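Got the model open in your viewer? Let's take a short walk through its pockets and cavities, one selection at a time.

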Amino acid sequence: MGLAPLWRLRAQDAMDTVLTEATQPAVPVGGEVVQSPPQVRAERAPSRGDAQVLPVSAAPAVMADGMDWDTLEAAIRGCQACALHEKRRQAVPGVGDRQADWLFVGEGPGAEEDQRGEPFVGPAGKLLDAMLAAIGLARGRDVYIANAVKCRPPGNRTPEAGEISTCHPFLERQIELLQPRIIVALGRPAAQTLLGGEVKIGAARGRRFDRNGVPVVVTYHPAYLLRNPQDKAKAWEDLCFARDSIV
Ligand code: URA
């Protein structure tokens, strides 16, 4: 019916408009997948052995089992399970359509997110919105956005493995409640918490991971793309691949 080429044209137009450095995308990349620890299955064995076990802290202090959305958000807002709560202005649970097919997971709130209580509202968020628009999506419409950690790491540093694992039950419960059809990991910390192992973005791109039956696709973090605009075309490929990975 010609819909796919039309969609691709529209999406490409949008990407060209908003991501000025994006060039003509390659065909979506094929699916070699890393075998990772529990919950993550691989379609094919890794060729470069890039999956290792993340250092995991002691048993999580956070319990989110069985919570509904509102209880979960309240628990996140009140959480004091790790040191990140000490310097935050507020926790940032997540935002979007609670019945979305798409879940995007970032690293952790930055300064603007800490101030406004919503993920990805700063410069990286503006690029994320543009990336969503480029594939016909919009924040809050069939999209939910969350982070690996819900409180801002001071100075926007990368969250530590212990902070990520302490916060992980919140993300896990968000995924259980949402039951997304596709999860996009934005950057390395998100990929590592979702896949449970050491991840190199360059090696993990183009692979369709399986997390308890939900496909997970890895791409660059928008903040990285702001610093490395030459890779925006690859992010475009990744989002096309994610769309094609929905079963
Ligand atoms: N970067 C992230 O990873 N998450 C946000 O919410 C904002 C910036």
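Start at the second largest pocket, which has a volume of about 340 Å³. Keep in mind as you go that this is a predicted model. To find the middle of the pocket, select Gly-108, Pro-109, Gly-110, Glu-113 and Asn-156: of the 17 lining residues, these are the closest to its centre.

Now colour by secondary structure. Which helices each supply at least two residues of this lining? They are α4, spanning 111–116, and α5, spanning 123–134. Give α4 a colour of its own, as the largest share of the lining comes from this helix, with three residues. If you switch to colouring by residue class, the pocket lining splits into seven nonpolar, six polar and four charged residues.

Next, turn the ligand on. Where does the ligand sit? In this second largest pocket. For the shell around the ligand, select Gly-106, Glu-107, Gly-108, Pro-109, Glu-113, Pro-119, Phe-120, Asn-147 and His-221. By class, that shell has three nonpolar, four polar and two charged residues.

Time to put some distance labels on the polar contacts:

- Glu-107: a polar backbone atom here is 2.7 Å from an oxygen atom of the ligand.
- Gly-108: go to the backbone again, where an N or O atom lies 3.0 Å from a nitrogen atom of the ligand.
- His-221: this time pick the side chain, which has an N or O atom 2.7 Å from an oxygen atom of the ligand.

Put a surface on the protein while you're here. How much of the ligand does the protein cover? On its own the ligand has 240 Å² of accessible area, and the protein covers 92% of that.

Leave the ligand now and head for the cavities. How many of 30 Å³ or more are there? The count comes to two. Go to the largest cavity, with a volume of about 100 Å³. Its lining is made up of 14 residues, and the ones to select for its centre are Cys-79, Cys-82, Leu-84, Cys-151 and Cys-167, which lie nearest to that point.

Bring the helices back into view: α3 (84–87) and α6 (161–178) are the elements that give two or more residues to this cavity's lining. Highlight α6 in particular, since α6 gives the most, with four residues. Then colour by class for a last look, and you'll find nine nonpolar, three polar and two charged residues lining the largest cavity.

How values were computed. Residues are numbered from 1 along each chain as its sequence is written. This is a predicted model: local features need pLDDT of at least 70, side-chain atom pairs count only at pLDDT 80 or more; totals for chains, interfaces and linings use all residues. Side-chain values use heavy atoms; hydrogens and water are left out. A residue is near a molecule or strand if one of its heavy atoms lies within 4 Å of it. A polar contact is a pair of N or O atoms within 3.5 Å; within protein, one must be able to donate a hydrogen and the other to accept it, and residues adjacent in sequence count only if both atoms are side-chain atoms. Accessible areas come from the Shrake-Rupley method with a 1.4 Å probe; for residues, only the protein chains shown count as cover. On a 1 Å grid over the protein atoms alone, a cavity is a set of points where a 1.4 Å probe fits but cannot get out, and a pocket is an open set with protein on both sides within 12 Å along at least five of seven lines; lining residues have an atom within 4 Å of a point. A molecule sits in a cavity or pocket if more than half of its atoms lie within 2 Å of its grid points. Ala, Val, Leu, Ile, Met, Phe, Trp, Tyr, Cys and Pro count as nonpolar, Asp, Glu, Lys and Arg as charged, and the others, Gly among them, as polar. Grid points are joined across faces, edges and corners, and a volume is the space filled by probe spheres set on the points.
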